[in-house]
Amino acid sequence: MTDRIMVVEDLKKTFKVGFARKVVEAVRGVSFVVNQGEIFGFLGPNGAGKTTTMKMLMDLIRPSGGRIELFGSPPGSIEARKRIGYLPEQPYFYDYLKPGELVDFFGQLYGVPRAVRRKRVDELLTLVGLDHARDRTLRKFSKGMLQRAGLAQALIGDPELVILDEPLSGLDPIGRKELKDIIVALKQRGKTVFFSSHILADIELLCDHLAIVHKGLLKYFGATSEFVLQGQKEVEIIASNVSASVKATVVARALAVEDFGEKMKLLATRADAAAIVELLVKGGAQVDVVAPRSESLEEIFVRTAQEEGA
Amino acid sequence: MKTSLYRMLAIGLNTFKEAARNRAFIGLMVGALVLILASLIVSELVVFDQQRRVVQDFGLFFISFAGVVISVTIGVLLVFKELERKTIYSLLSKPVYRHEFILGRYLGMFLILITVTVVLALAWGCVLLLRDVPIRLVFFKAVLLVLAELSIVAAVAVLFSSFSTPILSGIFTFGIYILGRQVLYIEEMLLARKGLFVSAPQLRPMGKAVTAIFPDLSMFDIGKEILLEVEVPWLYVGQALGYSLSYVVILVTIAALVFQRRDFV
């Protein structure tokens, strides 16, 4: 049985904003579970409630309702937080420190012994590619470099669970590739990674499970593979030498048709696809391609986010 | 308990490092040093028997003045800057209790104040020696009491910093410092048979509230005793330190309680 290291149940957060104390529901009953050793993606457009949820996980914001359990403890528990590394969105750090000093400082808060700390700081700065910038203070760092320093400080306590809020933002393509490699390496070492991202292709490739939130509501929670399958509802058929009579028959059953003269492309439901192919073959047409048409994760995400109730 | 102290010490040392690398802080320190050393020049302008008095008065005044300016300017930013710069997210997501953060920040502030008073007191000591003023034990007591006073001012600044903006916190803290310096006079006015509280008795409750709530900071000023060469007993110093500690504990506890309830949006 897999260990559930993060349990979020019916999580809610309301804020009172402005002079009139208008109530804003930032998170409206979000529930999901994260298992040990997996990479979990947390998706949602801007203002969906992702960062608010992640801050509640870190006890930076107190929930208005619901329950959070991290390693069987509430999020404010010191014991739980010793096992977690967190990278906030757009990390801001003490800009008068050098990266090594920053990571060392946070290592002290984790209670990492000095000798271990020294060794780990060196390893982490190398891992995140900041070897060349050891002698610079953070105020001279670019956004991408700060993100790398942020990742190093999140890992100094050798955490079992790494929570990363938009870790890929601000990184160049090489940086994103390196970060993805680090995330995969963490998983291979038995760590659990929970991260939010707008870059959906990364989620599809990296994550075992994902949760999608939109306007504070959970729109999907489950395996990434199942989510992608949801988009495979249609079949694309490309045929050539289709006679006019057959064309008229198949067009009536297809969802969409693109006629290029000699060739035609049909989009059909999975249920109708076989019958259309049969009609084409019987009518003497040549069937060139029959392929399930997958919506990209991005298309599914936009559709799911906009579905009723959004 | 030990690990908690260790975490607070780490936060305190980081706070100290922040100040030590801050140009404004270094500028203030240099300015205060220059002013203390300038008392040598000022003392040249007065008649010989007043020269000792000038260097004694000026030195102690500038240690206290620079300390108050540093307490207010750094103290009001102590918590606010963490929120403004969002560094609080990284820090409080670590295995740190919120009260440890406030206590650690205050501890760092206290380390800064010790450094300020020690450095400025050494400069004052040099000036005294250059003017052939013998270093007496009461000078150490005076510096110790200045540090105790600054500890209260810094605690007030930290309290306001935990929920208010730096400008408002600065105004409130400086206002409390000014009022604190007047508490003794207000007490005397309340006991007097004539004066403000007799001509306007409706102000008496306000006067009593001020003396009951605000710290009596004049307790920490023994400049007059130094001048008159009156002995200041250790018992008095001990009581003043205890008084200061009580206020610091109350103020920092309130700051921690306020901070405990906050959402860091």
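Helices and strands here are DSSP runs, numbered from the N terminus. With that in hand, a good place to start is a loop of chain A: Asp59(A) sits between helix H1 (50-57) and strand S4 (65-70). Keep in mind throughout that this is a predicted model. Asp59(A) is not a glycine, yet its phi is positive, at about 65°. Most residues other than glycine have a negative phi. Asp59(A) is also tucked away from solvent: its relative accessible area is 12%, and because buried means under 20%, Asp59(A) counts as buried. Arg21(A) shows a positive phi too, of about 55°, and is likewise not a glycine. Its place is another loop of chain A, the one between S1 and strand S2 (22-35).

Zooming out, chain A splits into domain 1 (4-229) and domain 2 (234-293). Taken over C-alpha atoms, the centres of these two domains of chain A are 47 Å apart. A single pair of residues gives another feel for distances within the chain: the C-alpha atoms of Ala285(A) and Pro74(A) are separated by 65 Å, with their positions 211 residues apart along the chain.

Ala285(A) is worth a closer look. It belongs to the loop between H10 and S13 of chain A, and with a relative accessible area of 11% it is buried. Setting aside neighbours within four places in sequence, Ala285(A) is in contact with Ser240(A), Asn241(A), Val242(A) and Leu280(A). One of these partners, Ser240(A), is found in strand S10 (residues 234-240) of chain A. Ser240(A) is buried as well, at 6% relative accessibility. Beyond the residues up to four places away in sequence, Ser240(A) touches Glu262(A), Lys263(A), Ala285(A), Gln286(A) and Asp288(A).

Two of those residues pair up with each other. Lys263(A) and Asp288(A) form a salt bridge, their closest N and O atoms being 3.1 Å apart. Lys263(A) is in strand S12 (residues 263-269) and Asp288(A) in strand S13 (residues 286-293), so this salt bridge ties together parts of chain A that are 25 residues apart in sequence. Neither end is hidden: Lys263(A) counts as partly exposed at 39% relative accessibility, and Asp288(A) is partly exposed at 30%. Side chains of opposite charge can pair when their charged atoms come close.

A salt bridge also joins Asp272(A) to Arg253(A), at 3.5 Å from N to O. Here the link runs from helix H10 (residues 270-282), home of Asp272(A), to helix H9 (residues 244-253), home of Arg253(A), so parts of chain A that are 19 residues apart in sequence are tied together. Asp272(A) is partly exposed, at 22% relative accessibility, and so is Arg253(A), at 38%.

Chain B has its own example. The side chains of Arg105(B) and Glu18(B) meet in a salt bridge of 3.2 Å, N to O. This pair connects distant parts of chain B, with Arg105(B) in helix H6 (residues 98-130) and Glu18(B) in helix H1 (residues 2-20), 87 residues apart. Both Arg105(B) and Glu18(B) are buried. The pair is also part of a network, in which salt bridges with shared partners join Glu18(B), Lys81(B), Glu82(B) and Arg105(B). Over all chains, the structure holds 35 salt bridges.

That leaves the place where the two chains meet. The contact takes 27 residues from chain A and 28 residues from chain B. Together the chains bury about 2,900 Å², with 56% of that on carbon and sulfur atoms. On the chain A side, Leu60(A), Tyr96(A) and Leu109(A) supply 25% of the area buried against chain B, more than any other three residues. Charged pairs turn up across the interface too: there are 3 salt bridges between chain A and chain B. In a salt bridge between the chains, Glu101(A) meets Arg21(B) at 2.8 Å, N to O. Polar contacts across the interface come to 15 residue pairs. Strand S1 (4-17), helix H2 (78-81) and helix H3 (99-109) of chain A each supply at least two residues of the side that touches chain B, and H3(A) gives the largest share, 5 residues. By class, this side of chain A has 16 nonpolar, 2 polar and 9 charged residues.

Note on methods:
Residues are numbered from 1 along each chain as its sequence is written. Chains are lettered from A and ligands numbered from 1 in the order in which they are written. This is a predicted model: local features need pLDDT of at least 70, side-chain atom pairs count only at pLDDT 80 or more; totals for chains, interfaces and linings use all residues. Side-chain values use heavy atoms; hydrogens and water are left out. A salt bridge is a side-chain nitrogen of Lys or Arg within 4 Å of a carboxyl oxygen of Asp or Glu. Helices (H or I, at least four residues) and strands (E, at least two) are DSSP runs, numbered from the N terminus. Buried means under 20% relative accessible area, exposed over 50%, partly exposed in between (1.4 Å probe, protein chains only). Domain bounds come from an automatic or database domain assignment. Contact means heavy atoms within 4.5 Å. Buried area is the accessible area (1.4 Å probe) that two parts lose on being put together, summed over both. A polar contact is a pair of N or O atoms within 3.5 Å; within protein, one must be able to donate a hydrogen and the other to accept it, and residues adjacent in sequence count only if both atoms are side-chain atoms. Ala, Val, Leu, Ile, Met, Phe, Trp, Tyr, Cys and Pro count as nonpolar, Asp, Glu, Lys and Arg as charged, and the others, Gly among them, as polar.
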